[in-house]
Each structure stands twice: as structure tokens, then as C-alpha cells.
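Colleague: Hi! Could you walk me through this one? I'm new to reading structures.
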Protein chains: 2
Amino acid sequence: MEVKNKYVVIKHHIEDAPKESNFEIKTVDFTLSVESGSDDIIVKNLYISIDPYQISRMKSHSSSQGAISFALPITPGEPIDGAVIGKVVASGNAKFHKDDLVLGVFSWAEYSLVKEGNILRKIESSEFPLSYYLGVLGFNGLSAYAGFFELCKPVKGEKVFVSAASGAVGNLVGQYAKLLGCYVVGCAGSQKKVALLKEKLGFDDAFNYKEEKDLNSTLKRYFPDGIDVYFDNVGGEMLEAAIVNMKTFGRVAVCGVISEYTNTGMRASPNMLDVVYKRISIKGFLAADFLNVFEDFFIKTLDYIRSGKLKVIEDVSPAVESIPSAFVGLFRGDNIGKKIINLEQE
Amino acid sequence: MEVKNKYVVIKHHIEDAPKESNFEIKTVDFTLSVESGSDDIIVKNLYISIDPYQISRMKSHSSSQGAISFALPITPGEPIDGAVIGKVVASGNAKFHKDDLVLGVFSWAEYSLVKEGNILRKIESSEFPLSYYLGVLGFNGLSAYAGFFELCKPVKGEKVFVSAASGAVGNLVGQYAKLLGCYVVGCAGSQKKVALLKEKLGFDDAFNYKEEKDLNSTLKRYFPDGIDVYFDNVGGEMLEAAIVNMKTFGRVAVCGVISEYTNTGMRASPNMLDVVYKRISIKGFLAADFLNVFEDFFIKTLDYIRSGKLKVIEDVSPAVESIPSAFVGLFRGDNIGKKIINLEQE
């Protein structure tokens, strides 16, 4: 059987803030069967994860190149791969069968032709929406869990600051920190997000950074005794202000630098004298380094979701055509929670 | 008995690069005996340690203030305290006797009136010059040892970069790294220093940063496969270039930021995207946090010195009058090795 398969490409490398016009939707004829003897698998994509790190792969010269295998450069005009959940339509591979649900590195497309090695796992059954496996139960959840618990070694009662706190990772860090018994303040870019953090997610406090003139004073106001743990998703001025306000032996986990992804001129210049005198540690990390705690993370997080202690915030758009605006929106702060493309109804 | 006691003061707070004219030598009448019933101890200072961190205490508003007890602000016109080795001249304290050798926090002066709490330890006997207890066997040595081994967790064969490598701490880091079996490159500010590193201290290579135009390329030349451990004594552009050249899971120990101490406009802006993708850790530290490894450090370092495996580099000036130029010279790179004032002959 032949279908039309829509997929997303970049027209050219993207060096600054991405725009919808940098992307193009292409359509190709696509066969929903595999040749006999082939090991290929045909997958209908159901949920596509939209993540800011992809912007690094779209640059002509990326600092990520070579550093991590799953962040190979994206070629203009070629399909873009990322985390996707799909259903097997046809399989030449004995390990996968029609209607299997699989999570893997597939194309930003309606259908994907995949090799076994690109399938990360089979999803046997799910009491939750499948999309959770891309966010709270996937690498976003693991980023939040491992970055917070493994890197920052937080202790009950400590003061925790989270930037981009309504984002896919930030909202989970704040919730994990509250579950541990920390005092948690988040920042975000709108009153609506601030209200969500305080009213739905249980943050002790939150502020809209766009309404603040002097971030040093802002953080001093929310943390008069200083910050023990800063979970950094943004870099830039917020990182500088956090360093000024860190306590002695404060820990900074750098998960992302959204303010710097799209603006190479924008760099944090943390006061290294503070870093020395306050013995601050600043650590970059990737969730992929913490597969050793995946099971622990997964079981605990399942329990938290089941018992209602952890809320899941998703921001869902339909159709492959909405991928460019969904992706571009990440850098404008459009999304609240995990950004997902839902193709299940299509 | 009455003597004239010379001591050093700052005339006013020092915000930028220190100049000799910021300092003044004062003279007061000083009694070399203690009142009966007093707990005081009179010490003749023999060796005075001259350390760059003191500049932070001389600023009107210091990031160190409050962060660490031994870095309280220095008041203009008042005696300056620092690490000193002296000989007890008179004591009202039963624990200390005439001619005891003591290491403590005393004045930048010929004589000090001290309280017991300011004495860190008695030196019972020494097979080495007493001054070693201020440098290689003191906090400089502990900084090098703990910062390198405890913070950076180096492994034999790893590639190590040390800045200010001919300085009091840097030269020891390089030597410890060589003793562990690492590949070690140092940078310094003159050909004479570079020659010392390569010919006397056994560094694998060394360069004069003042002759380099593009530090990124320089480090790429010396570390074509990247840096595992960067022991940072300078901050600024060198830190930025090191981050660019770090390997995945590279570790940066920030011991000092000599390029930033005297120039608050000079700040490193490390690429945080590199920090994330290469999972780099950047940690500030103070030797005082590692007293738990002091004995281990001390015994090993004694052995290394005895066996000639570790060379001791000191830069000695005589007389209290030379303290201002000795101190100011630290920020001009005048010193090679540990800067010491020797008052023993006076």
C-alpha cells in the first residue's frame, strides 16, 4: 500500500533564533510494506517530541558535533530525527510485529522507515497516555530526576531555584524538589505560567522574569538566605544572578541554556570569584548519562503520577504541519509543559 | 624590652590592580614581654606568606565577605593578617614557650601580638627550610593536592592543563600530575617561566600566553585530543579557551582567578552549551575545605620532597619594607613559585 508521507526539513542551517520560514513540509510517496528478506520496520508515528536541543543540530557549526552521537548535525533538505512514539505498520524484523508500540529515534514525519537500532524500547502496555513516555516518563523526566537528585544531591529543607520552570524539564524538577521537602521558587515568562507553578504544581513561589529589572535583587528577594541548588535551563543573565545569590557549597546543574541556543552573542559571565569563595559547583549533564538510574526514576515517577503527587503538563499540537511553529515556539516561550505533536487521530 | 615594630597597612581600599603607593609601612613601639596573668603571646615573625587572595580582602565590597571567616575585610590603616611562621619571644600562655616555632595568622609585621586561637600549629622540628610550611607543605600545597586529586579525580594518562603554572599552587599541581602519570602542559607569562616548567619541573610542555594571539588555537595545538582536567588559577579568557578545548566529562577546578581579582570588568564567559554537551564540571574550592586530607597530603608531599621527586620553587624577598612590592608583583607575574618574605636574618 502506498501513502503520501509528510515530513519536516530545514531549508538551510539555522544560526540564530529559528523562524517558521526556515522549515518546509515535504511530501513523498511512501510504501507501507517491507520487502521480503528486509530487516526494515515501517512505523506510523503517533507522538513526536519537540525539544529545544535540536536547534544545536541545525547550526552549520555545532558545539555538540562530535560530543554526543545522538546529536549529529541535521542536513538541510533531509528528514529530521528525534524522539517519537509510533505503531508498527509492517515489519521484516522478527522482533517487532504489526501494532507493536515503539519508542525510538524516528523522523519528524507521519511515517518512518526505521532500523532496529533506532528503536529504543517497546511499550508493552500503558495505563497513561502514550505521550508521557516522551516527557515525564522519558528523557525529560530523567533529565529532571537525574540532574536534580544525582548531580545536585539535594537535602530536605534546602532552597531550590528552577529557571524555565514551566518547561518540560523545569516543572518536574520543581515538583521533585517539593516532594523531597525543599523550598522551591521557579521563574517563567508569563503570569499564566507563574500562576500554574504556584497554584497547580505546588511551587512555594514563582516570578515572571520579564517583569523584573534587576535579577540579582529579584533572587535576593526570593532567597534572602541564598540558593542551595539552582537547576539551570536558561543560562545568560539568570545564571549570573543565581551565582551571586548561591549559598556556600551551592550546586548548579546546567541542563540547558535556552537564552543562548539562539544567540551566540549572549553568554553568561558568572563571577568566578564567587565560584571560588562560595565553592560553587557548576555541572553540565545529559539525561543519557544516567541510564543507570532509569529504572529507579521510572518506578518512582510512575508512583508519583498514580498517586496524583506529580502533575503532568503537556502542550499538544496536531499534525506534522504544526511542527515548525511548535519548535520555533519553544524559543519564544510559547509552550507550557512538554511540547508534543499528536498524530494519533490522523 | 621595647623595640620598634614595622608593619604594613593599606592606605585605603583597593578596587583595581594594587600599586605600591596603596600601601604604607608604619612603625610603633612594641613591648617584647607579656603582662603577668595575660594569655598573650609575642612572636617574632620569620617568614610571611604573600598570597593573591588578600586582594579580595582589600576591596571596599568583597564577594568573599561573609563567605569565609579567614577572609574578613582588611581595614585601611590597620595591621594586615596572613599566614606567618614565627618564633615565640614571650608567652603568658602555658601551651607556648619561648623559642617555640609557630605557624599562624599573624600580622604583616616584624613582631606580632597573638592570641592562642590564631596559632594554627606548632612546628616541632624541620628537616626543611621553615618557609616550606607556608607553601609546599602548607595551604598552597594543600590547594594543589586537594584541588587536583579530590576535586578533579584524575586518572593516569589523562591530559592536564594548568594556568599560572609557575605560581605557588600551579607548579605543584603540574608536578603532582606528572607523578601520577598524566600528560601536563602549563602556561605562564615569560620564557624564563616556561623554561623552568619544562626543564626543571618536568612538564611535558609549556607556553607563554603573552605570545599567543588566539588561546583557543593554542590549546588545540597542545591538546589536539582535548583536555581532561583544567586547574584554573586565572579565570578570564584562558578559562573560556579551556572550556572550548575540554574533552567530554572534563573537570575544571577553579582555585583562583588572578586575571579577574584586579579587574572586575574582566570576566570569563564560558560557553555553557559546551558545558552541557561535554558534561563539564566547574568547581570552586578552598584548601580549608580539605583539612580531612591534610595528613595524607603532608606525608606524601614530604616523601616526594625527600626523594627529590618534587621540586620546591620559592621567590624570597627580605624585610617588611618589601611586602608592598612583593604583593603587587603577584598581579604583574613577578614571582616564580611561592612568594615569601624572609625576616629570619633581621
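Modeller: Happy to! Let's start at the rotation axis: among the residues of chain A, Ser269(A) comes closest to it, with its C-alpha at 2.1 Å. Keep in mind that this is a predicted model.

Colleague: What turn and shift lay chain A on chain B?
Modeller: A turn of 180 degrees and a shift of 0.0 Å along the axis do it, with an RMSD of 0.0 Å. That is the relation of a two-fold axis. The same surface serves both copies, too: 100% of the contact residues of chain A recur in chain B.

Colleague: Nice. New topic: how many disulfides are there over all chains?
Modeller: The count comes to 0. Take Cys152(A): the nearest cysteine sulfur belongs to Cys182(A) and is 10.0 Å away. A disulfide needs the two sulfur atoms within 2.5 Å, so this pair does not qualify.

Colleague: And is Cys152(A) buried or exposed?
Modeller: Cys152(A) is buried, at 1% relative accessibility. Cys182(A) is buried as well, with a relative accessible area of 3%.

Colleague: Let's go to chain B. How many residues of strand S9 are buried there?
Modeller: In S9(B), residues 183-188, 5 of the 6 residues are buried, so the strand is mostly covered.

Colleague: Which strands does S9(B) pair with?
Modeller: One of its partners is S8(B), residues 159-162, which runs parallel to S9(B) and is joined to it by 4 bridges. In that pairing, Val160(B) has Val184(B) as its bridge partner. Another is S10(B), residues 205-208, also parallel and joined to S9(B) by 4 bridges. There, Cys187(B) stands opposite Phe207(B).

Colleague: How does the chain get from S8(B) to S9(B)?
Modeller: The chain passes through helix H3(B), residues 170-180, and this β-α-β crossover is right-handed. Then S9(B), helix H4(B) (residues 191-200) and S10(B) make a right-handed β-α-β unit.

Colleague: One last spot: where does Tyr53(B) lie?
Modeller: Tyr53(B) is in the loop between strand S3(B) (41-49) and helix H1(B) (54-58).

Colleague: Why does Tyr53(B) count as partly exposed?
Modeller: Its relative accessible area is 22%. Buried means under 20% and exposed means over 50%, so Tyr53(B) falls in between.

Colleague: What is Tyr53(B) in contact with, leaving aside neighbours within four places in sequence?
Modeller: Tyr277(A) and Tyr261(B). Tyr261(B) is 208 residues away along the chain, yet the C-alpha atoms of Tyr53(B) and Tyr261(B) are separated by 8.1 Å. Tyr277(A), on the other hand, belongs to chain A.

Colleague: Thanks, that helps a lot!

Definitions and conventions
Residues are numbered from 1 along each chain as its sequence is written. Chains are lettered from A and ligands numbered from 1 in the order in which they are written. This is a predicted model: local features need pLDDT of at least 70, side-chain atom pairs count only at pLDDT 80 or more; totals for chains, interfaces and linings use all residues. Side-chain values use heavy atoms; hydrogens and water are left out. Helices (H or I, at least four residues) and strands (E, at least two) are DSSP runs, numbered from the N terminus. Buried means under 20% relative accessible area, exposed over 50%, partly exposed in between (1.4 Å probe, protein chains only). Contact means heavy atoms within 4.5 Å. Two strands pair if DSSP finds at least two bridges between them. A crossover is right-handed if, with the strands pointing away from the viewer, the path from the first strand over the helix to the second runs clockwise. Copies are superposed by least squares on the C-alpha atoms of residues with pLDDT of at least 70 in both.
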